[in-house]
Amino acid sequence: MRKESKVMKQCSLMFKGLNIEREGVLHKTKLLLKIYRPVVWSASSRALEVCESAEIYCSRTMEEALEYLANYAPEFEQDRFSEKVKSLFETQWLIALIDNAMNKIYDYPDNGKLYHEILSKQYLTVYKYSEFEMLELLNLERSTYYDKKKEALELFAICLWGYTIPSMRGIFGPINDDLEIPNFFQTGNTPTNTRL
């Protein structure tokens, strides 16, 4: 059995100190990273669709079209447009969460830039790098790469669930409201079979 690295020991302490249930949060973190590319692709498509929908109304400028939708359009058109915009903003929020956590990873004092590069190339960039390409780009042995990737995922989970999400408190409603943060983003004892 391999000895736990210094970073993994630090992560264990941080999970405990932040009162974060490690396994459930790691599972959710991996789910979020797996869907990141399709979410970004979808968001860019939806943003274009929202702009086109707004501009359709009387070939007006975006500002005039939005005013028309808000004040004069039939209710069903307003509702449909509102749902598109709401979905787009929720997606943008998710992207911002991941970006903020990645910024924290980059600033981590011990291999932060390496962890950032591993996560970026493995999960976030448009092009998904193969294992061989990752090993070549990072100039790492296979076992070292997988150790660093595991450390990067643990630190990312801590940055996301321990710092970034709590900093968003109140964004979903009053702070004393139990539902201020969607259930998926809660850090308590979460089952590992949580679905998005």
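Trainee: Which helix gives the most to the largest nonpolar core?
Mentor: This is a predicted model, where local features need pLDDT of at least 70, side-chain atom pairs count only at pLDDT 80 or more, and totals for chains, interfaces and linings use all residues. Residues are numbered from 1 along each chain as its sequence is written, and side-chain values use heavy atoms, without hydrogens or water. The core has 34 residues, and Phe-15, Ile-98, Leu-119, Phe-156, Leu-160 and Trp-161 touch the most other members. With ten residues, the top contributor is α7.

Trainee: What is a nonpolar core here?
Mentor: Start with burial: buried means under 20% relative accessible area, exposed over 50%, partly exposed in between (1.4 Å probe, protein chains only). A core is then a set of buried Ala, Val, Leu, Ile, Met, Phe, Trp, Tyr and Cys residues joined through side-chain atoms within 4.5 Å.

Trainee: Is Tyr-145 buried or exposed?
Mentor: Tyr-145 belongs to a second, separate core of six residues, which also includes Met-134, Leu-138 and Leu-140. Its relative accessible area is 1%, so Tyr-145 is buried.

Trainee: How are the rings of Tyr-127 and Tyr-129 arranged?
Mentor: Rings of Phe, Tyr and Trp (its six-membered ring) pair if their centres lie within 6.5 Å; planes under 30 degrees apart are stacked, over 60 edge-to-face, the rest tilted. Here the centres are 4.8 Å apart and the planes at 90°. The pair is edge-to-face.

Trainee: Why is the pair of Tyr-145 and Tyr-146 classed as it is?
Mentor: The ring centres lie 5.0 Å apart. The planes meet at 75°, so the pair is edge-to-face.

Note on methods
Helices (H or I, at least four residues) and strands (E, at least two) are DSSP runs, numbered from the N terminus.
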